[in-house]
Amino acid sequence: MRDQSGYRAFRTHAIEQGLDAVKRLAISDYDESADVHSRYTQSIALRAARRWVQNNVSDLLAEDPGKAIHIRRMLGIPASHSLVRPEPWPWYGKLGIFLIPHWLTWQHTRRQLAKTRTYEGRSYLYETFYDRVVTCRLNRYTPAVDQAIQSMPLLSYVNARQLDRLDAGWFTAVRKVGVESFARIEHYAQLQLNV
């Protein structure tokens, strides 16, 4: 029971911090809670809290290493993954990763990220551990990258490099109507940009 109350306090603090960050980014003082369903505002608050935790993992762990269990629960990260940022690779490790084929690093990353329940948790793990493993070197972990890693067939090196440039909303919409080929998704994305 003590763990449950500790997590509640941690979650409440994270939600407050996340909402403060959202309010600082707001352009106007429009009160969206006045005409939006409460489940939607709770969802926004929870995503903001997860984003805040994702961005402050190292500070939270430095403050109290006992918070690791709460961080894992909030981000949906299993206990088999470390939360601590690894040391940089030596020169021979950096050289060696280029000798590993793209399909092998992509599959490894897919298997490891599939164990995590939330987008924010997968994003944290990718940026902390797997960004240096995936040979296509994406600029950032976006929802489009997340969907491709989770559910698309293996992409070529060239196609995987273009993933983080695609609009996540467009990528999701095209996937929902049944387009599975990356070439067709990219074609429709180019048409959308030209409109």
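Q: Let's start with the outside. How much accessible surface does the chain have, and what share of that belongs to carbon and sulfur atoms?

A: This is a predicted model, and the accessible surface of its chain comes to about 12,000 Å². Carbon and sulfur atoms account for 56% of that surface.

Q: And what percentage of the residues are buried?

A: Of the 195 residues in the chain, 36% are buried. A residue counts as buried when its relative accessible area is under 20%.

Q: What about the fold? How many helices and how many strands should I look for?

A: Look for 11 helices and 0 strands. Reading along the sequence, you get the pattern α-α-α-α-α-α-α-α-α-α-α.

Q: When I look at contacts, what share of them join residues at least 24 apart?

A: Take the contacts between residues at least 6 apart in sequence: 64% of these join residues at least 24 apart.

Q: Can you show me places where residues separated in sequence sit in space? How far apart are the C-alpha atoms of Phe-98 and Val-133?

A: Those two are 35 residues apart in sequence, and their C-alpha atoms are 9.1 Å apart. You'll find Phe-98 in the loop between helix H5 (91–97) and H6. Phe-98 counts as exposed because its relative accessibility is 54%.

Q: And what separates the C-alpha atoms of Ala-189 and Phe-171?

A: They are 18 residues apart along the chain, with 7.7 Å between the C-alpha atoms. Ala-189 lies in helix H11 (residues 182–194), and with 6% relative accessibility Ala-189 is buried. Setting aside neighbours within four places in sequence, Ala-189 is in contact with Leu-166 and Trp-170.

Q: How do I read a patch on the surface? Which residues form the nonpolar one?

A: A patch is made of residues with over 30% relative accessible area and no salt bridge. Here Ile-100, Trp-103, Leu-104 and Leu-154 form a nonpolar patch, and together they have about 360 Å² of accessible area. Trp-103 belongs to helix H6 (residues 102–113). With 48% relative accessibility, Trp-103 is partly exposed.

Q: Which residues gather in the patch of positive charge?

A: That one brings together Arg-8, Arg-11, Arg-73 and Arg-117 on the surface. For a closer look, pick Arg-73, which is found in helix H4 (residues 68–75). Its relative accessible area is 36%, so Arg-73 is partly exposed.

Q: Now for a single helix. Why is helix H7 described as largely enclosed by the rest of the structure?

A: Because 10 of the 12 residues of helix H7 (residues 119–130) are buried. Among them are Arg-122, Tyr-124, Leu-125 and Phe-129.

Q: Glu-120 is in that helix. What is the nearest side chain of opposite charge, and how far away is it?

A: Some background helps: side chains of opposite charge can pair when their charged atoms come close. A salt bridge needs a side-chain nitrogen of Lys or Arg within 4 Å of a carboxyl oxygen of Asp or Glu. For Glu-120, the nearest side chain of opposite charge is Arg-50, 4.2 Å away. Glu-120 is buried yet has no salt bridge. Leaving out residues up to four places away in sequence, Glu-120 touches Arg-47, Arg-50, Arg-51, Gln-54 and Leu-75.

Q: How many salt bridges does the structure hold, then?

A: It holds 3 salt bridges. In one of them, Asp-146 and Arg-122 meet at 2.7 Å, N to O. This pair links distant parts of the chain, with Asp-146 in helix H8 (residues 143–151) and Arg-122 in helix H7, 24 residues apart.

Q: Are Asp-146 and Arg-122 buried or exposed?

A: Asp-146 is buried, at 7% relative accessibility. Arg-122 is buried too, with a relative accessible area of 12%.

Q: Which residue does Lys-67 meet in a salt bridge?

A: Its partner is Glu-63, and the N to O distance is 2.5 Å. Lys-67 is buried at 16% relative accessibility, whereas Glu-63 is exposed, with a relative accessible area of 58%.

Q: And which residue forms a salt bridge with Glu-180?

A: That is Arg-175, and the closest N and O atoms are 3.2 Å apart. Glu-180 is partly exposed, with a relative accessible area of 39%, while Arg-175 is buried, with a relative accessible area of 14%.

Note on methods. Residues numbered from 1 in each chain as written. Predicted model: local features only at pLDDT ≥ 70, side-chain atom pairs only at ≥ 80, totals over all residues. Heavy atoms only, no water. Patch = residues over 30% accessible without salt bridge, like charges linked within 9 Å, V, L, I, M, F, W, Y side chains within 5 Å. Areas by Shrake-Rupley, 256 points an atom, 1.4 Å probe, with all protein chains shown as cover. Lys, Arg positive; Asp, Glu negative; His and termini not counted. Charge placed at Lys NZ, Arg CZ, Asp CG, Glu CD. Helix = DSSP H or I, 4+ residues; strand = E, 2+ residues; numbered from the N terminus. Buried < 20%, exposed > 50% of the residue type's maximum accessible area, 1.4 Å probe, protein only. Contact = heavy atoms within 4.5 Å.
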